[in-house]
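Subject: The structure we talked about

Hello,

Here is the structure I promised to pass on to you. Please open it alongside this email, and I will walk you through what turned up in it.

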Amino acid sequence: MTRPSAPAFRTLLIAACALVLVPVATPIASAQARPAHRNSRADAAFREGYAAAGRGDLEAARKQFSEVVRLAPEVPEGHAALGAILLQLGQPSAAIPELRRGLVLKPNDQDMQVNLAVALVRTGESAEALPLLHSLADSAQAEQQTLPEDAEVAYAQALVSAGERDQAIERLQGAIAATAASAGLHDALGSLLAQQKAWPEAVQQFTSAAGLAPQSPTILLHLGIAQLQQGDAAAAQATLEKARVIAPDNAAVLAQLATALSTSGQYDQALPVAQLAAALAPQNLDAAYPLAVALQGLGREREAMPLFERVVAGQPDNESALVNLALSLVQQGRAKEAVPLYQRALALTPDNPVAHEDLGVAYLQQSNLDDAVREFRAGLKLDSANQQLHYDLGLAYKLKDDPAQAIPELEEAARLDPDSPDPAYTLGILYMQSGRFDDATAHLRRAVELRPENGDAWAILGSVYKQQNKLPEAADALHHAITLLPAQPGPHITLAAVLAEQGKPQDAAAERKQAAELTRVAVNRQRATFATNTGNALLAKGQVADALERYQDAVTSDPSYADAHTGLASALERQGRAAEAAAERQKAASLATTAP
């Protein structure tokens with residue numbers, strides 16, 4: 001039995017939060033004085049470089065300061081200026097040697113020391129940067145001053161790298177308290193709090209940062225991610241929509257917006273956003289993942305699976321991707337392949353009740369009931385109020401023919417979610433099987449009230465009413481079942497018995513005749529399906545003549561079965577009988593368009 005109402009997406013968000021400790025729109029410290037030397041060409045280049053930097057043309061400034069260094073390599077200010085510009089251009093590795101040369105010439109230049117420390121941190125050399133930052137902080141404290149914002153952020157990141165996260169948080173909190181309002185410091189502190197999963201506090205800091213820098217897509221991205229992690233998908237969506245307006249081609253913003261939409265169940269809206277993110281960053285797994293989730297949410301499992309597989313291959317510890325890939329396999333009937341993926345996810349996060357639940361469903365699909373029960377019980381130990389887990393456990397016990405344990409679990413599931421039709425339906429079946437017809441009727445009536453399109457529930461309700469000798473009620477329920485299940489012979493057979501007891505022999509005979517015809521059609525379809533599957537297997541082995549014979553048997557058994565005509569066409573093509581093959585393909589296409 002398939003698991004009813006299985007959600008296609010779990011709110012286990014991707015780890016690609018982009019919460020990095022970098023300042024937002026913070027100027028890099030640079031030499032403020034023009035170098036004093038006698039090289040007029042270098043002096044002119046220096047002036048032009050500062051002019052270019054002032055108008056925001058950093059590349060032109062880099063060229064001019066490079067010229068200064070070439071013409072006057074003995075002047076420290078040239079190296080300082082070039083290092084600062086390279087840092088602003090996002091080239092810290094190139095900035096470091098220039099800043100080192102400048103400090104050889106002018107060892108106590110604090111601006112160059114700040115920029116060197118920032119560059120070292122940004123290139124991952126925090127251990128080398130930390131002593132320099134300690135010294136800069138001590139000097140600033142002695143002079144009752146504060147470090148520049150970029151230095152404070154770098155200091156915090158270096159402390160984190162050294163395993164001093166709490167000290168880094170205290171450092172940023174002190175910097176915020178000691179300086180004027182700073183978006184970059186609030187953003188950096190929010191990032192540290194997010195790394196500790198202190199989401200309410202992180203949201204508060206990112207909100208402060210966004211208030212100070214409302215046009216920063218990076219800060220809005222951080223805020224949206226934190227809101228998502230806090231469980232507020234609606235707020236995250238609003239925040240990320242603002243970021244998209246500012247930066248419409250930012251793949252990270254689009255990916256997180258798609259995640260927020262999927263978290264809210266808005267998969268149709270998430271899909272185009274996720275597609276754009278993936279197109280802008282085709283190699284980025286953090287953009288591929290939301291696209292896979294949106295496709296999965298829309299039931300397009302075959303398109304989602306390659307993306308999930310790609311994410312899992314590149315991020316083997318991405319527990320969310322493992323769970324969703326496994327879920328896709330289960331939904332395609334490939335539970336055996338899903339089990340090891342769920343087990344990997346649980347090895348990463350053993351206290352995840354959703355992963356236990358999903359692994360249990362995978363075991364259920366394989367009829368491995370004892371393992372399913374174990375996983376559902378493990379999930380309930382972690383989340384005792386989970387309605388779906390109670391339902392799944394009750395269903396597993398039902399399949400084990402253990403109504404004594406199934407019924408309490410199903411009753412608890414119904415209590416936790418009175419509007420779910422599944423517990424009522426399953427309880428109705430259990431009570432009917434145990435002869436408790438009044439209880440069965442009550443639950444089945446509740447099931448059809450909640451899901452009127454459930455033809456099976458109407459059919460079973462009709463059978464129970466017949467057992468209670470409530471013949472008018474039985475006939476009414478069975479008529480509902482026949483309307484919803486026109487190809488099923490069972491409701492006609494039961495209705496025939498009801499009509500006979502009501503003294504309507506002609507009506508009863510008509511129902512029996514209809515049931516016999518439906519049974520004949522069903523048997524013929526079964527024969528045709530078996531013959532077609534055999535033909536497919538033979539054709540795959542190259543046994544064309546034998547396959548052709550099986551397809552012809554299938555068409556004879558059920559001329560309305562489109563797959564049989566398609567298979568026959570393939571076999572005829574392999575024999576070079578193109579005209580006959582085309583005719584069979586035409587029949588298959590016609591049947592496919594008229595199939596109910």
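Let me start in helix α22 (residues 403-416), where R415 and E412 sit 3 residues apart and are therefore separated by about one helical turn. Before going further, please keep in mind that this is a predicted model. The side chains of R415 and E412 meet in a salt bridge, with 2.6 Å from N to O. R415 is exposed, at a relative accessible area of 53%, whereas E412 is partly exposed, at 22%. As background for this kind of spacing, an α-helix has 3.6 residues a turn, so residues three or four places apart point the same way.

You can see a similar arrangement in helix α31 (residues 578-594), which holds both E584 and K587, 3 residues apart, or about one turn of the helix. These two form a salt bridge whose closest N and O atoms are 3.5 Å apart. Here the acidic partner, E584, is buried, with a relative accessible area of 10%. K587, on the other hand, is partly exposed, with 42%.

Two further items on charged side chains may interest you. R300 and E303 meet in a salt bridge through their side chains, at 2.7 Å from N to O. R300 has a relative accessible area of 31% and is partly exposed, and E303 is partly exposed too, at 41%. There is also a network of salt bridges that links R41, E67 and R70. In total, a search of the whole structure finds 27 salt bridges.

Now to the aromatic rings. How many aromatic pairs does a search of the whole structure find? The count is 4. One of them is formed by Y50 and F65, which are edge-to-face, with 5.4 Å centre to centre and 75° between the planes. Y50 belongs to helix α1 (residues 40-54) and F65 to helix α2 (residues 58-71), so this pair ties together parts that are 15 residues apart in sequence. Is each ring buried or exposed? F65 counts as buried, at 2% relative accessibility, while Y50 is partly exposed, with a relative accessible area of 29%.

Another of the pairs is made by Y289 and F308, also edge-to-face, with 5.8 Å centre to centre and 70° between the planes. This pair links distant parts of the chain: Y289 is in helix α15 (residues 285-297) and F308 in helix α16 (residues 301-314), 19 residues apart. Both Y289 and F308 are buried. Back at the start of the helices, F46, Y50 and F65 form one aromatic cluster.

Since α1 has come up already, here is a little more on that helix. α1 has 15 residues and reaches 21 Å from its first C-alpha to its last, close to the 21 Å expected at 1.5 Å a residue. Its buried residues include A42, D43, A45, F46, G49 and A52. The buried residues of α1 pack against α2 and α3 (76-88). After α1 comes G56, whose phi is positive, near 85°.

Next, the nonpolar cores. The largest one has 165 residues, of which Y342 and F376 touch the most other members. α15 gives the most to this core, with 9 residues. If you leave aside neighbours within four places in sequence, F376 is in contact with E357, G360, V361, L364, L389, D392, L393 and A396. A second, separate core has 17 residues, among them A528, L538, V544 and A581.

One last spot to look at is D187, found in helix α9 (residues 183-195). This residue is buried, with a relative accessible area of 0%. The C-alpha atoms of D187 and F206 are separated by 5.5 Å, and the two residues are 19 residues apart along the chain.

If you would like one place to begin, you could open α1 and α2 together and find the edge-to-face pair of Y50 and F65. From there, the salt bridge between R415 and E412 is another to look up.

Happy browsing, and best wishes

Key
Residues are numbered from 1 along each chain as its sequence is written. This is a predicted model: local features need pLDDT of at least 70, side-chain atom pairs count only at pLDDT 80 or more; totals for chains, interfaces and linings use all residues. Side-chain values use heavy atoms; hydrogens and water are left out. Rings of Phe, Tyr and Trp (its six-membered ring) pair if their centres lie within 6.5 Å; planes under 30 degrees apart count as stacked, over 60 as edge-to-face and the rest as tilted. Helices (H or I, at least four residues) and strands (E, at least two) are DSSP runs, numbered from the N terminus. Buried means under 20% relative accessible area, exposed over 50%, partly exposed in between (1.4 Å probe, protein chains only). A salt bridge is a side-chain nitrogen of Lys or Arg within 4 Å of a carboxyl oxygen of Asp or Glu. A nonpolar core is a set of buried Ala, Val, Leu, Ile, Met, Phe, Trp, Tyr and Cys residues joined through side-chain atoms within 4.5 Å. Contact means heavy atoms within 4.5 Å. The expected span of a helix is 1.5 Å times one less than its number of residues.
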